[in-house]
Amino acid sequence: LSSPLKLTDSQQNPFYFYLLPYLSIYELKEQVKTLPVFKKCNLGETNFRNFINVLLKSLEVKKPAIFLGHFAVEYGFFTGEEASLKGFLGEETLPLEIFKNFDFLLLGHLHRLQKVKNRFYYAGSILPYSFEEAVYRKGGWFLEIKNNKLLKEEKIKYKSAKIKDVVEITTYRIESKYSDKRHPDSVKFAKTLEEDLGRRDFTIN
């Protein structure tokens, strides 16, 4: 995040992309605990919102600045499955104010294609992940930017996926305990289906 990815357009105009990977708060703290800005912080007691706020304030943002991340922000539209996690198990909704130094905010996490506010976008998921999402048209955004000005904004809808077109492939895995109640502390490959099934919860309420 502290070293942005620099890309240029056909006229060699630069764009600076600031990337924050999808990690749990515990994994993020582990990655940044040696940074000077966090040496005076008690990371063990820092929540996700304060953590991101401190991290962003420490950056020297180059313009035009485009932030890419995977989390929920205020004013975003939650589907039913996501709403059930809102405020639960450490899930936090971040205020847009803390991203004021960035020109564009391009996000993942919320599954619906949406424009949250001016220059703040969610691409949404490619495939539906719940019955509620099955009726939504998935898509993406086309943005044309020049001299830090948004010249064109177009919502592109994908063709609806049919069941016969979807093939899911996975490896057999074994997961350790969930310290944060949501993400496994570690994952390793398994050799049998029975081992993989041991990590899955088939409970029906």
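The paragraphs below lead through a predicted model of one protein chain, from its overall make-up to some of its individual residues.

Let us begin with the whole chain, in which 4 helices and 12 strands are found. Of its 205 residues, 31% count as buried, and the accessible surface comes to about 13,900 Å², with 54% of that area belonging to carbon and sulfur atoms. Contacts can also be sorted by how far apart the partners lie in sequence: among the contacts in the chain with a separation of 6 or more, 48% are between residues 24 or more positions apart.

A good place to look next is strand β6, which covers residues 104-108. Is this strand largely enclosed or not? Since 4 of its 5 residues are buried, β6 is largely enclosed by the rest of the structure; the word "buried" here stands for a relative accessible area under 20%. Strand β6 is joined to strand β3 (residues 65-70) by 5 bridges, and these two strands run parallel. It is also joined to strand β8 (residues 120-122), in this case by 3 bridges, and this pair runs parallel as well.

Individual residues help to make these pairings visible. Leucine 106 in β6 stands opposite leucine 68, and leucine 106 also stands opposite tyrosine 121 in β8. Another pairing between β3 and β6 can be followed through isoleucine 66, whose bridge partner in β6 is phenylalanine 104. Strand β3 has a further neighbour, because 4 bridges join β2 to β3 in a parallel arrangement. Here leucine 68 appears again, as the bridge partner in β3 of leucine 19.

From the strands we can move to the loop between α2 (48-57) and β3, where proline 64 is found. Proline 64 is joined to lysine 63 by a cis peptide bond, with an omega of about -10°. Two residues elsewhere in the chain call for attention on account of their phi angles. Glutamine 12, in the loop between β1 (5-8) and β2 (14-19), has a positive phi of about 65° although it is not a glycine, and with 58% relative accessibility this residue counts as exposed. Arginine 119, in the loop between β7 (114-117) and β8, likewise has a positive phi, near 75°, without being a glycine. For comparison, most residues other than glycine have a negative phi, and most peptide bonds are trans.

The next topic is charge. Side chains of opposite charge can pair when their charged atoms come close, and the structure holds 4 salt bridges. One of them is formed by lysine 63 and aspartate 103, whose closest N and O atoms are 3.4 Å apart. Because lysine 63 lies in the loop between α2 and β3, and aspartate 103 in the loop between β5 (93-94) and β6, this pair ties together parts that are 40 residues apart in sequence. Lysine 63 is partly exposed, with a relative accessible area of 45%, whereas aspartate 103 is buried, with a value of 11%.

Another salt bridge links lysine 100 to glutamate 97, with the closest N and O atoms 3.4 Å apart, and lysine 100 counts as exposed at 59% relative accessibility. A further one links glutamate 154 to lysine 152, with 3.6 Å between the closest N and O atoms. Glutamate 154 is partly exposed, with a relative accessible area of 34%, and lysine 152 is partly exposed too, with a relative accessible area of 40%.

The surface also has a nonpolar patch of about 380 Å², made by Ile126, Phe142, Ile156 and Tyr158. Of these residues, isoleucine 156 is found in strand β10 (residues 149-157), and its relative accessible area of 35% makes it partly exposed.

The last stop is serine 176, in the loop between β11 (173-175) and β12 (187-189). Which residues does serine 176 contact, leaving aside its neighbours within four places in sequence? They are Pro184, Asp185 and Ser186. The side chain of serine 176 reaches the backbone nitrogen of aspartate 185 at 3.4 Å, and that of serine 186 at 2.8 Å. The C-alpha atoms of serine 176 and valine 187 are separated by 6.5 Å, although the two residues are 11 residues apart along the chain. Serine 176 itself is partly exposed, with a relative accessible area of 27%.

Key: Residues are numbered from 1 along each chain as its sequence is written. This is a predicted model: local features need pLDDT of at least 70, side-chain atom pairs count only at pLDDT 80 or more; totals for chains, interfaces and linings use all residues. Side-chain values use heavy atoms; hydrogens and water are left out. Buried means under 20% relative accessible area, exposed over 50%, partly exposed in between (1.4 Å probe, protein chains only). Patches are made of residues with over 30% relative accessible area and no salt bridge: like charges are joined within 9 Å, nonpolar side chains (Val, Leu, Ile, Met, Phe, Trp, Tyr) within 5 Å. Accessible areas come from the Shrake-Rupley method with a 1.4 Å probe; for residues, only the protein chains shown count as cover. A salt bridge is a side-chain nitrogen of Lys or Arg within 4 Å of a carboxyl oxygen of Asp or Glu. Contact means heavy atoms within 4.5 Å. A polar contact is a pair of N or O atoms within 3.5 Å; within protein, one must be able to donate a hydrogen and the other to accept it, and residues adjacent in sequence count only if both atoms are side-chain atoms.
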